[in-house]
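Biologist: I'd like to go through this model piece by piece with you. Let's put it on the screen and start from a single side chain.

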Amino acid sequence: MEYIETGRSPASALRAAGGIVPWALGMVMFVLTLVDYSAGWDEPVRDSALVVYAALSAGAAGLARWHRWPLLAATAVGAVLFSSWPGFLSASYYAGTSVRRSAHVVVFACAATVALLGVPALHHALGADFPLGSDHQITATERGFSVLFLIGTPLVLGLWVGARRQVLAALAERAERLEREHTARAEQARTAERTCIAREMHDVVAHKVSLMVLHAGALEVGARDGETTRTAELIRATGREALTNLRVPLCLSRCLVRWRRLGFGGSGK
């Protein structure tokens, strides 16, 4: 009976979720932008521009895991055109996951705060309206909470996620390094074991061949006919040649072991 494994591994599930979440976030941004800024739908040009912007910002959010700048640019454009706020959520989160230096985090937080609060204040000071509609009239306290909710919270969450990813990457690298070291030690142990077995076999064979050469020499000395003498001499010469051939691989093996002990020719690096 055959069993077919249909479940995915945790790593595959995480990769799949990592590819789906950005696009899901983009769809949420698309809906929030249209719901919050399309009240009335009485100006076709304005409404079409809002739909186009919402679609572009959603696509930028979907690609934000791989390319951050389109999302940052879309958020800045939305803040200038009609004080759009959904982009600040995703932009702050992805900035937290990607920014590594504290100075860059501070610069982003200040720039996002200026875009969220400073642009509307500038429009009000100049008596001008936003190109795609007026800004929602909210109090200073509400604007402060909006900075905390739209910039501070997702930025802190992104920093935590980025730090966690760094820790996991460091642990994975350490595990891989330990695995390589373990493999190298196992290979060295196998090599040492093979060398020890070969040395023992060499000693046994060399001892037997030495006895053969010794007996052949005794037979050569005590032989009474020429045929036996020649045969014993041939056996003795062949045994000596075999001993010489046995010593050469042993010397090479010992040199190789010493060479590896000195740190040359290692396989674990």
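Biologist: Is Tyr94 buried or exposed?

Modeller: A caveat before the number: this is a predicted model, where local features need pLDDT of at least 70 and side-chain atom pairs count only at pLDDT 80 or more, while totals for chains, interfaces and linings use all residues. Residues are numbered from 1 along each chain as its sequence is written, and side-chain values use heavy atoms, with hydrogens and water left out. The cut-offs are under 20% relative accessible area for buried, over 50% for exposed, and partly exposed in between (1.4 Å probe, protein chains only). With a relative accessibility of 7%, Tyr94 counts as buried.

Biologist: What kind of pair do the rings of Tyr93 and Tyr94 make?

Modeller: Rings of Phe, Tyr and Trp (its six-membered ring) pair if their centres lie within 6.5 Å; planes under 30 degrees apart are stacked, over 60 edge-to-face, and the rest tilted. That rule gives a count of 1 aromatic pair. The centres of the Tyr93 and Tyr94 rings sit 5.2 Å apart with planes at 70 degrees, so this pair is edge-to-face.

Biologist: How many residues of α4 are buried?

Modeller: Helices here are DSSP runs (H or I, at least four residues; strands are E, at least two), numbered from the N terminus. The buried residues of α4 include Pro86, Phe88, Ser92, Tyr94 and Thr97. The helix is largely enclosed by the rest of the structure, because the buried count out of its 13 residues is 11.

Biologist: And how far apart are the end C-alpha atoms of α4?

Modeller: The expected span is 1.5 Å times one less than the number of residues. For the 13 residues of α4 that comes to 18 Å, and the end C-alpha atoms agree with it, being apart by 19 Å.

Biologist: Sticking with that helix, which residues does Ser92 contact, leaving aside neighbours within four places in sequence?

Modeller: Ser92 is in α4, residues 86–98, and at 0% relative accessibility it counts as buried. Contact means heavy atoms within 4.5 Å. On that basis, the partners of Ser92 are Phe108, Leu150, Ile151, Pro154 and Leu155.

Biologist: Leu155 caught my eye. What is the C-alpha distance between Leu155 and Tyr93?

Modeller: Leu155 belongs to helix α6, and its 8% relative accessibility makes it buried. Not counting residues up to four places away in sequence, it touches Ser92, Tyr93, Ala95, Gly96, Val105, Phe108 and Ala109. Leu155 and Tyr93 are 62 residues apart in sequence, yet C-alpha to C-alpha the distance is 4.8 Å.

Biologist: Which helix supplies the largest share of the largest nonpolar core?

Modeller: A nonpolar core is a set of buried Ala, Val, Leu, Ile, Met, Phe, Trp, Tyr and Cys residues joined through side-chain atoms within 4.5 Å. The largest one has 12 residues, among them Phe88, Val105, Phe108, Leu150 and Leu155. At least two of its residues come from each of α4, α5 (102–126) and α6 (140–222). The largest share, 5 residues, is from α5.

Biologist: How many residues make up the second core?

Modeller: That core is separate and includes Ala64, Ala74, Tyr93 and Val161. Its residue count is 10.

Biologist: Over to α3: what arc do its buried residues cover around the axis?

Modeller: In α3, the buried residues are Leu71, Ala74, Thr75, Gly78, Ala79 and Phe82. They lie on the same side of α3, because the arc they cover around the axis is only 135 degrees. The arc is taken from the directions from the helix axis to the C-beta atoms. To repeat the value: 135 degrees.

Biologist: Which residue gives its backbone oxygen to the polar contact with the side chain of Ser57?

Modeller: Ser57 sits in α2 (residues 44–62) and is buried at 1% relative accessibility. A polar contact is a pair of N or O atoms within 3.5 Å; within protein, one must be able to donate a hydrogen and the other to accept it, and residues adjacent in sequence count only if both atoms are side-chain atoms. A polar atom of the Ser57 side chain lies 2.9 Å from the backbone oxygen of Ala54.

Biologist: Last one: what pattern does the protein chain follow along the sequence?

Modeller: The chain has 7 helices and 0 strands, and 28% of its 269 residues count as buried. Read along the sequence, the pattern is α-α-α-α-α-α-α.
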